[in-house]
Amino acid sequence: MAFLIGTIVTLGCMLGGFAAMGGHLSVIFQPWEFVIILGVSLGTFIIANSLATIKDTGAAIVDAVLDRGPTERDYLDVLGVLYTLMRELRGKARSEVEQHVDNPAESAIFKNFPKVLADVNLTSFICDYCRLIIIGNARTHEIEALMDEEIHTLTHDKLKPYHALQSVADGLPAIGIVAAVLGVVKAMGALDQSPEILGGLIGAALIGTFAGIFVSYGVVSPLAHKIKVARAVRCRLYIIVKQTLLAFMNGAMPQIALEHGRKTIASHDRPSIDMVENETVSGASKPNQQQAA
């Protein structure tokens, strides 16, 4: 919704201001200038990026436009999984806990939190480090360094759509100049025409420069920034897992370890302590109830 409102305000002010100055909106409509600019931008985007990045960029644009990001429910689910696993790690035999991390798709714990299970990368991240905790030979600082490196790699991959679109935004003004130059070349071929015709051709050429700059700074660059923010928030889930498990490895009780993870959530999205306690305790009791049944 915010993206739609912002786009309407931007276009409305630009076109409305131009019309208020006495400009004719029909002059801005130069379809072939836009074909050159957008077509060349799309072509360079395809050249510069892998197929996986192109597909991920499409998904990232949809998520950014629709403001899809972790909600309070998502944070509670992640904390609930971690709490239940930590309880298992403290109170169950190694073989009993391993079945949850070795095959999360069949785990009663993960099945109670389907949104976490649906995120394959996050589930793998949780299971991998729980497995290292079970082995028990790694030191906490070594695990922390490994987590930091993996989170850095994951963040880099998640931000590839941002970098790809930002590169397009950076090149759009120059591509607009290319379109304008081609328009001027066309106008030079009509020097024998009347001033009215020649002026129209030169004006059409200048639309290329205008369009390149406007699409760059008014559309693509803000969209790239919105993708960056959305993906950075999504990566915050991994920080929650990291801080929670590190606190647990350092000897904290599961409830205290959860507080380490909860504090990494932005204040406007952070669930209260009481809410986390109620959700995690109920979440942890579900597998036990199912096993008893």
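Eleven salt bridges are counted in this predicted model. Side chains of opposite charge can pair when their charged atoms come close, and three of the pairs found here make a good starting point for a tour of the structure. In one of them, the side chain of Asp 77 meets that of Arg 73, with N and O 3.1 Å apart. Both residues belong to helix α5, where a spacing of four residues separates them by about one helical turn. Their surroundings can be read from the accessibility values: Asp 77 is buried, at a relative accessible area of 8%, whereas Arg 73 is partly exposed, at 35%.

A second pair is formed by Glu 106 and Lys 111, whose closest N and O atoms are 3.7 Å apart. Here Glu 106 is exposed, with 54% relative accessibility, while Lys 111 is partly exposed, with a relative accessible area of 47%.

The third pair brings helix α13 into view. Arg 262 and Glu 259 are joined by a salt bridge of 2.8 Å, N to O, and the two residues sit three positions apart in α13, about one turn of the helix. Arg 262 is buried, with a relative accessible area of 6%, and Glu 259 is partly exposed, with 22% relative accessibility. Elsewhere, salt bridges that share partners link Asp 102, Asp 128 and Arg 131 into one network.

Arg 262 also has a place in the wider pattern of helix α13, which covers residues 254–262. The buried residues of this helix are Pro 254, Ala 257, Leu 258, Gly 261 and Arg 262. These residues lie on the same side of α13, because the arc they cover around the axis is only 145 degrees. A charged residue, Arg 262, is thus listed with the buried positions of the helix.

Turning to the overall fold, the protein holds 14 helices and zero strands. Read from the N terminus, the order of elements is α-α-α-α-α-α-α-α-α-α-α-α-α-α. The C-alpha atoms fill a box of roughly 90 × 35 × 35 Å along the principal axes. For the radius of gyration, a compact globule of 293 residues would have a value near 19 Å, but the protein has 27 Å. Of the 293 residues, 38% count as buried.

The N-terminal region offers two features worth a look in the viewer. The first topic is a surface patch: Met 1, Leu 4, Ile 5, Ile 8 and Val 9 together make a nonpolar patch of about 520 Å². Ile 5, one of these residues, lies in helix α1, which spans residues 2–20, and counts as partly exposed at 46% relative accessibility. The other topic is a contact across the sequence. Phe 3 and Leu 223 are 220 residues apart in sequence, yet their C-alpha atoms are 8.2 Å apart in space. Leu 223 is found in helix α12, residues 195–249, and is buried, with a relative accessible area of 11%.

The backbone holds a point of interest at Asp 67. Most residues other than glycine have a negative phi. Asp 67 is not a glycine, but has a positive phi of about 55 degrees. This residue is located in the loop that runs between α4 (51–65) and α5 (72–91), and is partly exposed, at 43% relative accessibility. The loop thus leads into α5, the helix that carries the pair of Asp 77 and Arg 73.

Finally, the cysteines were examined for disulfides, and the count comes to zero. For Cys 235, the closest cysteine sulfur is that of Cys 127, and the distance of 18 Å is too far for a bond, since a disulfide calls for sulfur atoms within 2.5 Å. Cysteines also occur in contrasting settings: Cys 235 is buried, with a relative accessible area of 6%, whereas Cys 13 is exposed, with 55%.

Key
Residues are numbered from 1 along each chain as its sequence is written. This is a predicted model: local features need pLDDT of at least 70, side-chain atom pairs count only at pLDDT 80 or more; totals for chains, interfaces and linings use all residues. Side-chain values use heavy atoms; hydrogens and water are left out. Buried means under 20% relative accessible area, exposed over 50%, partly exposed in between (1.4 Å probe, protein chains only). The arc is that of the directions from the helix axis to the C-beta atoms. Patches are made of residues with over 30% relative accessible area and no salt bridge: like charges are joined within 9 Å, nonpolar side chains (Val, Leu, Ile, Met, Phe, Trp, Tyr) within 5 Å. Accessible areas come from the Shrake-Rupley method with a 1.4 Å probe; for residues, only the protein chains shown count as cover. A salt bridge is a side-chain nitrogen of Lys or Arg within 4 Å of a carboxyl oxygen of Asp or Glu. The radius of gyration is taken over C-alpha atoms; the globule rule is 2.2 Å times the number of residues to the power 0.38.
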